[in-house]
Amino acid sequence: SEPNQRIMFYYFAIASFFSFFSLFWSWKPLAFFSVLLLIGVGFFAFLYQVFLTQGYKKASPSKISPLIYFAVILSAFFDWLI
């Protein structure tokens, strides 16, 4: 029932809050290529969250949730493959 922008804000605000505190324990300077990879990961995580909230807006959670669990299996397969 919440607007997509508010859901996205809450998601990224909470994730940023908890990620910030983990930096104190394991901070290391990053190479330029690593920064580019992290920017790419952040961009695709943003796209994933946008499409996920749009999916929940257009379909019931009972239809979308199995696809999210399938993504875990697919990720494991690609991890094994690569």
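Entry 1. I began with the terms for exposure: a residue is buried under 20% relative accessible area, exposed over 50%, and partly exposed in between. I note that the model I am reading is predicted.

Entry 2. I looked up Phe17, which sits in helix α1, residues 4-26. Its relative accessible area is 46%, so I recorded Phe17 as partly exposed.

Entry 3. I then asked which residues make the nonpolar surface patch of about 1400 Å². Phe17 is one of them, and I listed with it Phe9, Tyr10, Ile14, Phe18, Phe20, Phe21, Leu23, Phe24, Trp25 and Trp27.

Entry 4. I turned to helix α2, residues 32-58, where Gln49 is found. Is Gln49 buried or exposed? I entered Gln49 as buried, because its relative accessibility is 7%. Leaving out residues up to four places away in sequence, I found Gln49 in contact with Met8, Tyr11 and Phe12.

Entry 5. I examined the largest pocket, which holds about 260 Å³ of space. Its lining consists of Tyr11, Phe12, Ala15, Ser16, Ser19, Phe20, Leu38, Val41, Gly42, Ala45 and Tyr48. I noted α1 and α2 as the elements that give two or more residues to this lining. Which element gives the most to the lining? I recorded α1, with six residues.

Entry 6. I cross-checked the lists. Phe20 appears in the nonpolar surface patch and also in the lining of the largest pocket. Tyr11 and Phe12, which Gln49 touches, are likewise among the residues that line the largest pocket.

Key: Residues numbered from 1 in each chain as written. Predicted model: local features only at pLDDT ≥ 70, side-chain atom pairs only at ≥ 80, totals over all residues. Heavy atoms only, no water. Patch = residues over 30% accessible without salt bridge, like charges linked within 9 Å, V, L, I, M, F, W, Y side chains within 5 Å. Areas by Shrake-Rupley, 256 points an atom, 1.4 Å probe, with all protein chains shown as cover. Salt bridge = Lys/Arg side-chain N within 4 Å of Asp/Glu carboxyl O. Helix = DSSP H or I, 4+ residues; strand = E, 2+ residues; numbered from the N terminus. Buried < 20%, exposed > 50% of the residue type's maximum accessible area, 1.4 Å probe, protein only. Contact = heavy atoms within 4.5 Å. 1 Å grid on protein atoms, 1.4 Å probe; cavity = no way out; pocket = protein on both sides within 12 Å on 5 of 7 lines; lining within 4 Å. Points joined across faces, edges and corners; volume = space filled by probe spheres on them.
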